[in-house]
Amino acid sequence: MRRALGRWPGVKRRLVYADPREYWTLRGGIDYFREQEGQEGRSMRADWVARRIARYRPTSILEVGCGYGKLIRAIRGQTDVPIVGVDFSPTQLEMARDYLEGVDGVNLALASGTRLPFADNSFDLIVTSAVILHNAPPIAEAIRREIVRVGRHFAAHNEDIDVTYNRYGYDTAAWYHDRGIPLAEVGPIPSAPYESQFCVAELWHR
Ligand SMILES: C[S@@+](CC[C@H](N)C(=O)[O-])C[C@H]1O[C@@H](n2cnc3c(N)ncnc32)[C@H](O)[C@@H]1O
């Protein structure tokens, strides 16, 4: 059944993944954790993104859709600036509190990317990693706009482009380009299993 549905990502999306918040709260949690922690490639990818972000020398970082905190931990290995993680799934945040126990300078909060509970320009750099791609186009648009509002200097995105039952696949770099916001970099992530994109937008030009 699962394999058959794989041939129709649109149908599978409606059946299994109609509400991403519910998916990440009820189903995504522990399966995602095992998948991520069980594959060395996933850790290498998080480390690669963390190193890339650190090159911009941000003074504060917000991760939108932080999940159980894998990327936050990798970023903490590169820089000691304050980090805030938000996620709209209470179970993901609960896992993050465990996973990040003892990691200094990290605050976590329950929030949707469409309505970030922060003032304009609050964070030097905002990052998303495999988050926008899980949301339908109008929601994805609202998240990007919130990031542009709350970010001060940089928005870094690791978002895949390919479409699957739980991925809409967006060209985030093109979104910034269309709005006249320059990109400091854009390209694939080395050895990523999917059609990946990592881009960093220069928000002060917005
Ligand atoms: C694939 S996981 C990625 C987690 C983390 N960014 C990482 O790289 O390990 C996607 C996470 O984004 C969260 N998420 C998806 N859409 C969101 C939204 N609109 N607002 C807040 N969190 C969201 C989910 O709850 C889930 O924890």
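How many residues does helix α4 have, and how far does α4 reach from its first C-alpha to its last? In this predicted model, helix α4 covers residues 40-54 and has 15 residues. Its reach from first to last C-alpha is 21 Å. That is close to the 21 Å expected at 1.5 Å a residue. Several residues of α4 are buried, namely Arg42, Arg45, Ala46, Trp48, Val49, Ala50 and Ile53. An α-helix has 3.6 residues a turn, so residues three or four places apart point the same way. Within α4, the buried set includes Arg42, Arg45 and Val49. It also includes Ala46, Ala50 and Ile53.

The chain leaves α4 through a loop that leads to β1 (61-64). Arg57 sits in this loop. Its phi is positive, about 50°, although Arg57 is not a glycine. Arg57 counts as exposed because its relative accessible area is 71%, and exposed means over 50%.

The ligand comes next. It is surrounded by 20 residues. The closest are Glu63, Gly65, Asp87, Gly113 and Ser129. By class, this shell holds 8 nonpolar, 9 polar and 3 charged residues. Nitrogen atoms of the ligand lie close to polar atoms of the protein at several places. At Glu63, an N or O atom of the side chain is 2.7 Å from a ligand nitrogen. At Asn135, a polar side-chain atom lies 3.0 Å from a nitrogen of the ligand. At Phe88, the partner is a backbone N or O atom, and the distance to a ligand nitrogen is 3.3 Å. On its own, the ligand has 590 Å² of accessible area, and the protein covers 97% of it.

Ser129, one of the residues closest to the ligand, belongs to strand β4 (residues 123-129). Ser129 is buried because its relative accessibility is 19%, and the limit is under 20%. Its side chain makes a polar contact of 2.8 Å with the side chain of Asn158. Beyond neighbours within four places in sequence, Ser129 is in contact with Glu63, Leu71, Asn158 and Glu159. Glu63 is thus listed both among the contacts of Ser129 and among the residues closest to the ligand.

Strand β3 spans residues 106-110, and Val106 lies in it. Val106 is also buried, because its relative accessibility of 18% is under 20%. Apart from neighbours within four places in sequence, Val106 is in contact with Ile72, Arg76, Ile83 and Leu100. Leu71 is 35 residues away from Val106 along the chain. The C-alpha atoms of these two residues are separated by 12 Å.

The loop between β3 and β4 holds Asp120. Asn121 is found in that loop too. Asp120 counts as partly exposed because its relative accessibility is 49%, and exposed means over 50%. Asp120 and Val150 are 30 residues apart along the chain, yet their C-alpha atoms are separated by 4.4 Å. Not counting residues up to four places away in sequence, Asp120 touches Arg149 and Val150. With Arg149 there is a polar contact of 2.9 Å between the two side chains. Asn121 has a positive phi near 60°, and it is a residue other than glycine. Its relative accessibility is 33%, so Asn121 counts as partly exposed. A positive phi is therefore found in an exposed residue, Arg57, and in a partly exposed one, Asn121.

Technical notes. Residues are numbered from 1 along each chain as its sequence is written. This is a predicted model: local features need pLDDT of at least 70, side-chain atom pairs count only at pLDDT 80 or more; totals for chains, interfaces and linings use all residues. Side-chain values use heavy atoms; hydrogens and water are left out. A residue is near a molecule or strand if one of its heavy atoms lies within 4 Å of it. A polar contact is a pair of N or O atoms within 3.5 Å; within protein, one must be able to donate a hydrogen and the other to accept it, and residues adjacent in sequence count only if both atoms are side-chain atoms. Accessible areas come from the Shrake-Rupley method with a 1.4 Å probe; for residues, only the protein chains shown count as cover. Ala, Val, Leu, Ile, Met, Phe, Trp, Tyr, Cys and Pro count as nonpolar, Asp, Glu, Lys and Arg as charged, and the others, Gly among them, as polar. Helices (H or I, at least four residues) and strands (E, at least two) are DSSP runs, numbered from the N terminus. The expected span of a helix is 1.5 Å times one less than its number of residues. Buried means under 20% relative accessible area, exposed over 50%, partly exposed in between (1.4 Å probe, protein chains only). Contact means heavy atoms within 4.5 Å.
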